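Thank you for coming; I would like to walk you slowly through one structure, taking a few residues in turn. Please keep the view on the screen in front of you while I talk.

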Amino acid sequence: MATTRTYFRDHFVLFLLTSNVFLALFTAIFVFLRLSTSHNSSYIIQYRSNLGVSAFQTGSISEMISFGIFALLILAISVAISVRAYSINRNLSIGVLSAGIILTILDIIVSNALLALH
């Protein structure tokens with residue numbers, strides 16, 4: 001209990017938590033809004049450069065929704081690991097939250113690139 005109390009009083013950890021929450025919600029809302037504006041049933045999900053002419057692989061809307069769910073999953077897992085790691089080492093906890101931010105930014109970039117090809 002004392003660890004979580006000091007965890008939520010650490011200003012830099014709170015800044016990283018806020019950044020994680022903002023980016024995860026932004027990604028989920030961004031993907032869901034981009035999907036609601038387009039009314040096509042197939043989306044480009046993958047690009048395989050070794051396939052030549054058929055390099056773009058199509059998929060359904062559920063595979064695009066998984067990008068938004070993945071961002072929320074990153075948030076939940078990074079916060080859970082960070083809270084547990086804070087009692088071991090503060091820098092480890094900050095590293096986990098920073099890795100969550102980087103992973104969420106990569107999720108934004110990839111989902112935007114695939115939705116732009118649509």
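Where is the place of Ala80? Ala80 sits in helix 3, and I should explain that helices (H or I, at least four residues) and strands (E, at least two) are DSSP runs, numbered from the N terminus. Before going on, please bear in mind that this is a predicted model, in which local features need pLDDT of at least 70 and side-chain atom pairs count only at pLDDT 80 or more, while totals for chains, interfaces and linings use all residues. Residues are numbered from 1 along each chain as its sequence is written, and side-chain values use heavy atoms, with hydrogens and water left out.

Returning to Ala80, this residue has a relative accessible area of 42% and is partly exposed, where buried means under 20% relative accessible area, exposed means over 50%, and partly exposed is in between, with a 1.4 Å probe and protein chains only. From Ala80 to Ser93 there are 13 residues in sequence and 9.9 Å in space, C-alpha to C-alpha.

That brings us to the two helices themselves. The axes of helix 3, residues 61-86, and helix 4, residues 90-117, come within 8 Å of each other and cross at roughly 175 degrees; axes here are lines fitted to C-alpha atoms, for helices over the stretch in contact, with angles running from 0 to 180 degrees between N-to-C directions. Helix 3 is therefore roughly antiparallel to helix 4, a label used for angles over 145 degrees. The contact between helix 3 and helix 4 has 15 nonpolar, 6 polar and 2 charged residues, where Ala, Val, Leu, Ile, Met, Phe, Trp, Tyr, Cys and Pro count as nonpolar, Asp, Glu, Lys and Arg as charged, and the others, Gly among them, as polar. In the loop between helix 3 and helix 4 we find Asn89, which is partly exposed at 36% relative accessibility.

Which residues does Asp107 touch, not counting those up to four places away in sequence? Asp107, which lies in helix 4, touches Thr27, Phe67, Phe70 and Ala71, contact meaning heavy atoms within 4.5 Å. Asp107 is buried yet has no salt bridge, and the nearest side chain of opposite charge, Arg34, is 12 Å away; a salt bridge is a side-chain nitrogen of Lys or Arg within 4 Å of a carboxyl oxygen of Asp or Glu, and Lys and Arg count as positive and Asp and Glu as negative, with His and the chain ends not counted.

By this rule the count comes to 1 salt bridge, in which the side chains of Asp10 and Arg90 meet at 2.6 Å, N to O. Asp10 lies in the loop between helix 1 (2-7) and helix 2 (11-37) and Arg90 lies in helix 4, so the pair ties together parts that are 80 residues apart in sequence. Of these two partners, Asp10 counts as buried at 12% relative accessibility, whereas Arg90 counts as partly exposed at 34%.

Finally, let us turn to the strands. Gln46 lies in strand 1, residues 43-47, and is partly exposed at 32% relative accessibility, while Phe56 belongs to strand 2, residues 56-59, and is partly exposed at 43%. Leaving aside neighbours within four places in sequence, Gln46 is in contact with Ala55, Phe56 and Gln57, and Phe56, on the same condition, touches Ile44, Gln46, Tyr47 and Leu117.

Note on methods: Parallel < 35°, antiparallel > 145°, perpendicular 65-115°, else oblique.
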